[in-house]
Amino acid sequence: MDFPDFSLDISLLEKAKEPEPEVTYDLLILGGGPAAMSAAVYAARKMMNFAIITKDFGGQVRETSEVENWLGFQSINAKDLVDMFEEHVESFDIAVSLGPAITDVKKDEETFKAYTDDSKTYSSHTVIVATGKHHRPLNVPGEKDLVGRGIAYCATCDAPFFKGKKVIVAGGGNSAFTTAIDLLKVGAEVTLINFIKGWQADAALQERVKQSDKAILLDYHQVVGIEGKDRVTAVVLKNRGNEKEEKLDTNGVFVEIGLLPNNESVKNLVKLNEQGEVIVDCSCRTSVEGLFGAGDVTTVPHKQIVIAASEGAKAALSAYDYLINKSLI
Ligand SMILES: Cc1cc2nc3c(=O)[nH]c(=O)nc-3n(C[C@H](O)[C@H](O)[C@H](O)COP(=O)(O)OP(=O)(O)OC[C@H]3O[C@@H](n4cnc5c(N)ncnc54)[C@H](O)[C@@H]3O)c2cc1C
């Protein structure tokens, strides 16, 4: 498998003009994944005065290698797909803040204020929150200190570094098994650890891993600690059947135990469901007038690129309707 190298990418959109704090935009789009980029295309075609504020471009699409369910392409390299999204967005004259994170969004009468961690404040009459999801951490001792030094959350990005090494994969679903397959391909010895009894991944994926003599599967076990000074050297595992703990030497830990919504910027403003997703209706409206949600950060089911992109389009059109109805445009 060819692993895409995103690290040397010079984003086309890095060249875009910076948003201006003194302007009150029609729309601020928060995020840079498929939902946000699609919203940008629709907003541009409606001639809205808007800006994108995002930490990066591509979002989770950057974490995979091949995409086989984007209409029109039987298979497309994920990097090429993100490049095409960027080229499309860049063809419009759009203001982009790339890098800083949104920390908070507030509403004062008809105007929203979005605050970034580089101490800037942007204003607008509508907002689309399209900030996606991030990997759920294990939250065990040693994890935070060793991220990037043996602890990884993205097989596409990091599996090649574990050629011939011993690796633990925490999780039992499709992501965990896909990660295990990526690691087996580079000759790693993989131990899969699942918290519950059995495995949730599709049978075909399970079969591929179970066929390998370099894979060990341990269900009903829990990673309770990660050890290492400069790099990961071991994990502490608890057998949930007999509560006994044991240490297992390893060079790395891949954490694949689900995703959490990036809701920090709006969590004090809008209604969220129990999973922390922004509650939206079928027009992408949230509990706050003028604030719309799109993609994986929302309650919309089936987290996929094509769904995020269509939700982004819907959110932009709903924001436009809102501005027209309020005579704000
Ligand atoms: C490993 C992996 C493989 C996948 N494979 C496929 C596949 O083959 N086919 C498929 O259809 N789907 C796939 N998916 C799912 C798909 O990638 C997501 O459904 C889709 O990317 C969601 O798009 P989004 O725009 O809602 O969010 P994201 O892609 O998560 O993008 C969110 C964006 O918001 C930005 N952001 C987050 N917080 C902030 C903040 N506070 N301030 C500023 N910016 C912020 C992020 O930097 C990012 O740019 C895969 C996902 C993963 C993790």
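**Exercise 1. In which order do the three strands of the antiparallel open sheet stand?**

Before we start, two notes on the model. It is a predicted model, in which local features need pLDDT of at least 70 and side-chain atom pairs count only at pLDDT 80 or more, while totals for chains, interfaces and linings use all residues. Residues are numbered from 1 along each chain as its sequence is written, and side-chain values use heavy atoms, with hydrogens and water left out.

*Solution.*
Step 1: Settle the terms. Strands (E, at least two residues) and helices (H or I, at least four) are DSSP runs numbered from the N terminus, and two strands pair if DSSP finds at least two bridges between them.
Step 2: Read the order, which is 14-15-16.
Step 3: Find the edges. Strand 14 and strand 16 each have a single partner strand, so one side of each is left without a neighbour in the sheet.
Step 4: Add the twist, which averages 30° from one strand to the next. Angles run from 0 to 180 degrees between N-to-C directions, with axes fitted as lines to C-alpha atoms, for helices over the stretch in contact.

**Exercise 2. Describe the hairpin of strand 14 and strand 15.**

*Solution.*
Step 1: Count the bridges. Six of them join strand 14 (residues 221–227) to strand 15 (residues 234–239) in the antiparallel sense.
Step 2: Look at opposite residues. Gly-225 has Val-236 as its bridge partner, and Glu-227 faces Ala-234.
Step 3: Inspect the turn. Six residues lie between the two strands, and Gly-228 there has a positive phi of about 155°.
Step 4: Move on along the chain. Glu-243 sits in the loop between strand 15 and strand 16 (245–249); this residue is not a glycine, yet its phi is positive, about 70°. Most residues other than glycine have a negative phi.

**Exercise 3. Work out the layout of the five-stranded sheet and its helix.**

*Solution.*
Step 1: Write the order, 10-17-11-12-13, for this open sheet with parallel pairing.
Step 2: Mark the edges. Strand 10 (151–152) and strand 13 (215–218) pair on one side only.
Step 3: Place helix 4 (residues 174–185). This helix packs on the sheet and touches strand 11 (166–170), strand 12 (189–193), strand 13 and strand 17, and its direction makes about 170° with that of strand 12. Contact here means heavy atoms within 4.5 Å.
Step 4: Zoom in on one edge. Two bridges join strand 10 to strand 17 (residues 252–255), with Ile-151 opposite Val-253.

**Exercise 4. Describe what lies between domain 1 and domain 2.**

*Solution.*
Step 1: Set the bounds. Domain 1 is 12–135 + 259–325 and domain 2 is 144–255; such bounds come from an automatic or database domain assignment.
Step 2: Take the separation. Their C-alpha centres lie 33 Å apart.
Step 3: Count the contacts. Four residues of domain 1 are in contact with four of domain 2.
Step 4: Give the buried area (the accessible area, 1.4 Å probe, that two parts lose on being put together, summed over both). The value is about 330 Å², with carbon and sulfur atoms giving 60%.
Step 5: Check for charged pairs. There are zero salt bridges between the domains, a salt bridge being a side-chain nitrogen of Lys or Arg within 4 Å of a carboxyl oxygen of Asp or Glu.
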